[in-house]
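Visitor: I should like to learn how to read individual features of a protein model, beginning with a single residue and moving on to strands and cavities. Please show me the structure.

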Amino acid sequence: MERLSVDNLSLGMGILARKSLTTSGSRKASQISLLNDSFAEHYHQIDDRNWSWTHLRESFRRDKLGALYDHYQRRLQNSYFNVFLLVQAVLSLAYFGFLIYVSLVYATRDIEFEGCNSTITSISCTAKDNLELAVPEMVVHVIISVLCIAIFMAVFNETLFRSNPHLQIVISIIICLVMLVGDLGLSVYYFQNYRLIRTTFAFQTIIIIYFFLPVPQKRQAILLGAVSSTAHLIISAVFYTSDDRDHEVFPLVFAEAIYYFCGNAVGVYSRLLSEIAIRRAFMDRRGYIKSTIKKTYEKDQEDQLLLSILPEHISSKVQQELRNAIQQIAESQSQSSHHRNSTGSSHNQHIHHKKPFSDLFVERHDNVTIIFSDIVNFTPLTVKMPADELVETLNELFGRFDEAATRNGCVRIKLLGDCYYCVSGLNEPTPDHAKNCVNLGFEMIEIIHQVGMQYRNKLKVDLAMRIGVHSGNIMSGLLGIYKWQFDIWSRDVTIAQHMEQSGKPGRVHITKQTKAFLGDDLPYICKPAYGKMRDKYLSDNDIETYLISPPRKLENNSDADPDDFEEDEVENVVEELTSPNSTKTKFKVKGLGPSARRGSQALGKSVDLIRRKSIRANQDRRNNLSGNDVMRYLTMLDKVNQQMEKAIDEMPLRKSEQWCPGESRHKNSITNQVNPYTMSFNEMDSEIHFQSQPDPLFKFYIACSLFVLLCIGIVQSVTVPPEHLSLWLSFGGGLSCLMILIPFVWVGYIWSRIKDPHRELDYVPEPENKLIRFFFNTSTRVSSSWIWRTILYLSISLLISAFAIIDVLECTAEKCESPWYFTFSCSLAVLIIFAFFRIHYFLKLLVSVLSMTGYFTIFSIRHEVFAQNNGVSPALFAVDLEMYSHIIYLIWILLLLHVMDRQMEYINRLDFVWKRKLTEEHKEASMTHAVNTILIHNILPTQIAKIYLDPNRAGEGYSRTYNNVSIMFASIPDFMDFYSENDLNKHGLVCLNVLNQIITEFDQALFNHVDVEKIKVIGSCYMCACGLEVHDTGRLSTTSFVGGDDEECVPTWRDYGRHTNGIENIEKRKKTLYTLVNFASDMMVKLQMINREAFQDFQLRVGVATGLVVAGVVGVQKPLFDIWSDTCNLASRLDSHGQTGKVHVTEYGADLLAQSGIKCEFRGVTNIKGKGNMRTYFVCMDEHYKIQYIDNPDVTTSAALDYRNKVDCTHL
């Protein structure tokens, strides 16, 4: 139940993340209400199957918890044992004093006792004789008291049992033997010397064996109980047979046998139920500890993943805002509920719902340096490489880039396809921010050179790195509400981007501003680059640029021209830039003479070696990460048992800790929360929650009551004259009531066992039969309601108590010659009063005292019945106080059961306090986990986030090829004209706030297009895709693709999506393209609404393409989901070559849209950068950006007709 509640909580807050800015709060509140209710409902939700003894034993065996449970059980048993030793010592000493008092007081009266001279020869019943009569009992009780005190002192500190567990059973046997020998020895002594039949304390011994002695196993306790009962029964049979009085031996022995059998059976039954409760409490405790540690582990793992994606200062603010949003929604729901309760209406229009995430998570940073890098010739690589190998290559590259960035004090901002950009001086200001970025650039050039060598000969692709660096000021943070990606904005960022675009492969292209931060004494080779001659933006902003190279010592070529230093020589210049132990960039100068050229020739022979080393380094990087995760996970599992063992050791079970809060070692101990006299919580809320806990074992108490009632009936039926009508009426009435009650408490359990005998179902369905369903629901309601349980407990307890003694009213001394069997019946009634473990101990004490008061009243009324037989103590019999023997017998049993019950109540409350404490910890950990989950799932697709948060993953990346995907780039070209940085708009913050509103509206539009996946925001460009079906499988083979069901082939990507795997894929592409075009229409409508509110005139420019893409997660330590392919490049070019207010598509896209009924207009032949001349189209829209449809969708272009019959499955 708990796991289900937490899963619902995560789901609810996941919905909150996607809909956090919607104005309707009711739907969110219904999800967030789980946060307030799920943990409280833990106490009210039960499943009988979780309380099955076999299930618990199997769970302990499966989780290998035997040793830990033995330690837990040993501590509990030791606490019961210590209590018993103290109580037994006190009772024995009290009884010793009582015997002395009776002997001395009655001796002073010089009373002649009837029958004394006839029974005891040569003894005149004087005071000396009375004292002598009591001496044997005094000696035995003194010995028992001394033994109990000695054992208590030995086992008090618990170290004896912990170091020698076998001593538990040894000491238990010693206690039993001493009590058995003492009790039976006294009986034999008095019978042989005085012919007195002394009633033994056999029932008290049975109680002690099953409830107090530290007997480890049930069968050992059963054996001790059977031996003790059998010994007492044999002695009684011998006495009854040898007695001179006229007794019917068999009924008396049979009744006593039933009495002992009932006591043993209830003891075994209670011990079994107690073990179930203890095991369930143990599993609950361990479950809470495990869940809390697991949540903490997951939180730490999520924090690590989150901090690898978002800077800490942004992450903490977003987390706090999300917490505030959750709290706000919960409060809104509470107010709404209160409003409905007070008005009787479900409307809550008077409640104001403030929008969460109202803050803009953007900060300004001055004096930083931005580095943009782009992989040259990456697009041909996407065409020639399989999906998983492509993502593997990017993972290797970006993983090594991340390591290099960390070494050089840079923070990776984002990946844009094959573009990688960082900032130095973001988290902590540093005067070396420019040097850090330049050094990072040199390392990246070396890394791409090493990785690229393996593809030069294999794929005929020469990879290189083009790098641009600029220094200035930036704004950093998050925009929108969905699929957040940390980003930076400012004109300086735009300049750095254009520096990369106008740079030269193998060089670092810097601006004059960056050069100034580097200083005059440059350790680099620097020359003017004239970047503004190749880039209009740099020209418009009059940016002076330079190309720099690492330093070199001109050994044999001192007159060499710096222009001769080209990309191919980089490896001869940079040494060990990627060393994991390196904290600074080191350069070693090598000559460029013949030796260098020979080295260059030999370089080709070592391509395979470099490739193997780079792959091994990348795998080691992953294995280190995943290995650390696995080790942390295993350590977490070990920590659960360590925490549990520590918690068991710290349980305040000593009496000094129970009664003296100041003695407790624990600040939040139960002794500080519970009144030691009333055993009630000081806080009423805690007391209500404790009493309101469900009791799945209540039905077993009812069954036990029925069994005890039958035993009492048997005992009395064989010892009471059969003509007593009250016996049969009361027995019949009580039996009928309990039999009628059985279906009301047992049907739920029986139905669960029938429907789910092997615990395979998550939920047991209700019966269809109305009567059975009524009993099923009633049994569940009784187990869950403390009021019904209390009412039934009082009824049953009083019923059995009355039945045990009511027949005495019909007895006379002549009819009832064995009054001790009424006392035995009362003992069983008192036992069943305390057998209901989850009823408040004070209520049980009150009921037992009332029952005892009734018994004593009846004893006094029928004094002649209880004064005619031998008693517990011959000393009392000799002074005519036989009735007090019955009272002492019952009081002794009552005190033992009460002490046992009080200790059990204390342990139950201790479990409750511990559980509540762990619940609070679990609740906090779950809250943090849920918040982190929202953030992570708001950055990565849900299933991909699960893959990267799975501790058992082997470190592999995620990659998948998709055949039928449509890509959309939607940009706002005139936003940069709107953007300005001055004091009036807070250095661009006001402009970013407008952009945030735009992106937020676009994110909200996604909620109506669930198949659309937001990929990223690039400046003011919104990129998304449709047709990405992210599954749990993680990765596919290189010859598989989603959407191709007929053949296993990888279609070529060269014709921009015109090749497919069959007619079925046409429909899939039509659907994805249709969805994106409609989404673009909604985006334009929302942008117009913003324009009206902000008095702006922004226009959206959209490019859409469809075809094959590769989706994957790159960055092992800093994962980021992205897609690549020529389709993505084409969609981007369609955007940049499009027109504002238009959706730009290819001829192939127009064909598919026409088949879907969407009208497109021919734009003409457009020269697309990198593609050449292409026939392109605009989607027809009206002035309100509503899509226009054609009358006859079957009329399409010739290209579409040719496409329907063409399938190209050419392997790459």
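Visitor: Is Gly1157 buried or exposed, and why?

Guide: A residue is called buried when its relative accessible area is under 20%. In this predicted model, Gly1157 has a relative accessibility of 5%, so Gly1157 counts as buried.

Visitor: Where along the chain is Gly1157 found?

Guide: Gly1157 belongs to the loop between helix 37 (1147-1155) and strand 15 (1160-1168). A distance in space may be set beside a separation in sequence. Gln1188 is 31 residues from Gly1157 along the chain, and the two C-alpha atoms are 8.7 Å apart.

Visitor: Let us turn to a strand. How many residues of strand 12 are buried?

Guide: Strand 12, residues 1101-1114, is mostly covered, with 14 of its 14 residues buried. As a general idea, side chains in a regular strand alternate between the two faces of the sheet.

Visitor: Which strand pairs with strand 12 over 12 bridges, and in which sense?

Guide: That partner is strand 9 (residues 958-971), and the pairing is antiparallel. Within it, Val1104 of strand 12 has Met968 opposite.

Visitor: Which strands are joined to strand 12 by 4 bridges and by 5 bridges?

Guide: Strand 14 (residues 1142-1146) runs parallel to strand 12 and is joined to it by 4 bridges. There, Lys1142 of strand 14 is the residue opposite Arg1101. Strand 13 (residues 1120-1124) runs antiparallel to strand 12, with 5 bridges between them. In that pairing, Leu1120 of strand 13 lies opposite Val1114.

Visitor: How many cavities of 30 Å³ or more does a search of the whole structure find?

Guide: The search finds 16 cavities of that volume or more. The second largest of them has a volume of about 130 Å³. Its lining comprises 15 residues, of which His141, Ile144, Met179, Asp183 and Phe201 are the closest to the centre.

Visitor: Which elements give two or more residues to the lining of the second largest cavity?

Guide: These elements are helix 6 (127-155), helix 8 (167-194), helix 9 (202-211) and helix 31 (882-937). Helix 8 provides the largest share of the lining, 4 residues.

Visitor: How many residues of this lining are nonpolar, polar and charged?

Guide: The lining of the second largest cavity divides into 8 nonpolar, 5 polar and 2 charged residues.

Methods. Residues are numbered from 1 along each chain as its sequence is written. This is a predicted model: local features need pLDDT of at least 70, side-chain atom pairs count only at pLDDT 80 or more; totals for chains, interfaces and linings use all residues. Side-chain values use heavy atoms; hydrogens and water are left out. Buried means under 20% relative accessible area, exposed over 50%, partly exposed in between (1.4 Å probe, protein chains only). On a 1 Å grid over the protein atoms alone, a cavity is a set of points where a 1.4 Å probe fits but cannot get out, and a pocket is an open set with protein on both sides within 12 Å along at least five of seven lines; lining residues have an atom within 4 Å of a point. Grid points are joined across faces, edges and corners, and a volume is the space filled by probe spheres set on the points. Ala, Val, Leu, Ile, Met, Phe, Trp, Tyr, Cys and Pro count as nonpolar, Asp, Glu, Lys and Arg as charged, and the others, Gly among them, as polar. Two strands pair if DSSP finds at least two bridges between them.
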